[in-house]
Amino acid sequence: AGSVRAQDLVARWGGEEFLVFLPGASAEQARAVLERVRRSMAEAAFDDIATGLQVGFSAGVAALRGSDTLQQAVERADQAMYAAKTAGRGRTALA
């Protein structure tokens with residue numbers, strides 16, 4: 001809680017993937033938001049689910065450009081996420 005703004009939208013996008021829409025945010029601002037979320041998740045206790053459970057994630061960030069479709073931006077963010085995972089997981093990468 002407190003990591004995203006009231007106007008932001010978080011949506012599940014498949015099994016373990018989520019999309020976070022940050023209207024009006026630059027790519028760098030979006031990266032900072034996702035880094036806050038990542039840190040919060042890493043520090044959170046999930047012992048009520050499973051003792052010692054830790055949750056982490058990697059994220060990819062893409063801003064809409066000019067005539068981009070949403071699908072194009074999502075594809076770039078997805079590629080950036082895989083680059084973050086390849087670089088060692090627990091990271092946020094810009095497309």
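**Exercise 1.** Which side chain meets that of Asp68 in a salt bridge? Classify both residues as buried or exposed to some degree.

*Solution.* The model is predicted.
Step 1. The partner of Asp68 is Arg76, with an N to O distance of 2.9 Å.
Step 2. A salt bridge requires the nitrogen to be within 4 Å of the carboxyl oxygen, and the pair Asp68 and Arg76 is listed at 2.9 Å.
Step 3. Asp68 has a relative accessible area of 23%, so Asp68 is partly exposed.
Step 4. Arg76 has 15% relative accessibility and therefore counts as buried; the cut-off for buried is under 20%.

**Exercise 2.** Find the salt bridge of Arg31 and place both partners in the secondary structure.

*Solution.*
Step 1. Arg31 pairs with Glu28 through their side chains, at 2.7 Å from N to O.
Step 2. Both residues belong to helix α1 (residues 27-43) and sit three residues apart, about one turn of the helix.
Step 3. Arg31 is partly exposed at 26%, and Glu28 is partly exposed at 39%.

**Exercise 3.** Describe the salt bridge between Arg5 and Asp8 and the accessibility of each residue.

*Solution.*
Step 1. The side chains meet at 2.6 Å, N to O.
Step 2. Arg5 is partly exposed at 32% relative accessibility, whereas Asp8 is buried at 12%.
Step 3. Over the whole structure, the search finds four salt bridges.

**Exercise 4.** Describe the surroundings of Tyr82.

*Solution.*
Step 1. Tyr82 is part of helix α2 (residues 70-86).
Step 2. Its relative accessibility is 41%, so Tyr82 counts as partly exposed.
Step 3. The Tyr82 side chain makes a polar contact with the side chain of Glu17, at 3.5 Å.
Step 4. Ser58 is 24 residues from Tyr82 in sequence, with 8.0 Å between the C-alpha atoms.

Definitions and conventions:
Residues numbered from 1 in each chain as written. Predicted model: local features only at pLDDT ≥ 70, side-chain atom pairs only at ≥ 80, totals over all residues. Heavy atoms only, no water. Helix = DSSP H or I, 4+ residues; strand = E, 2+ residues; numbered from the N terminus. Buried < 20%, exposed > 50% of the residue type's maximum accessible area, 1.4 Å probe, protein only. Polar contact = N/O pair within 3.5 Å; in protein donor to acceptor, adjacent residues only side chain to side chain.
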